[in-house]
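Biologist: I have not looked at this one before. Could you walk me through it?

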Amino acid sequence: MVSLFSDGHPTVGPGPDEIDRDVFTWNYLRGARIVVASFADDVASPENLCSRLARRNFGWVRVLNIEPGAAATTLPAVKPPKDFDWDE
């Protein structure tokens with residue numbers, strides 16, 4: 001299992017799409033679960049990198065700054081990145 005505590009926005013290095021593709025390439029046969037926890041409001045958004053990584057890799061996303069009494073929601077799984085080459 002890989003645990004990420006992040007706002008889901010890369011600040012240095014490759015962009016979100018490249019990271020998404022590289023993680024999927026590394027993990028598609030390994031099956032490591034990626035779990036994300038964040039104080040960021042948009043981490044549960046499907047466009048957020050950490051959200052995509054968790055949902056594509058058997059994990060889940062938890063937002064830690066939700067209002068008292070509110071329940072965190074789990075997002076559905078998504079398909080592999082569009083530019084993933086299954087023959088690599």
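Modeller: We can go through one helix, the core and the sheet in turn. This is a predicted model, in which local features need pLDDT of at least 70, side-chain atom pairs count only at pLDDT 80 or more, and totals for chains, interfaces and linings use all residues. Residues are numbered from 1 along each chain as its sequence is written, and side-chain values use heavy atoms, with hydrogens and water left out.

Biologist: Is helix α2 enclosed or not, and why?

Modeller: Helix α2 (residues 49–56) is largely enclosed by the rest of the structure, because 8 of its 8 residues are buried. Buried means under 20% relative accessible area with a 1.4 Å probe, protein chains only, while helices (H or I, at least four residues) and strands (E, at least two) are DSSP runs numbered from the N terminus.

Biologist: What do the buried residues of α2 pack against?

Modeller: They pack against β1 (2–5), α1 (16–27), β2 (34–38) and β3 (60–63), where contact means heavy atoms within 4.5 Å.

Biologist: And which residues make up the largest nonpolar core?

Modeller: That core has 7 residues, namely Ile-34, Val-36, Leu-49, Cys-50, Leu-53, Ala-54 and Val-61, and its largest share, 4 residues, comes from α2. Such a core is a set of buried Ala, Val, Leu, Ile, Met, Phe, Trp, Tyr and Cys residues joined through side-chain atoms within 4.5 Å.

Biologist: Switching topic, in what order do the strands sit in the sheet?

Modeller: The 3 strands form an open sheet in the order β1-β2-β3, with parallel pairing; two strands pair if DSSP finds at least two bridges between them. Between β2 and β3 there are 4 bridges, and Ala-37 has Arg-62 in β3 as its bridge partner.

Key:
Buried means under 20% relative accessible area, exposed over 50%, partly exposed in between (1.4 Å probe, protein chains only).
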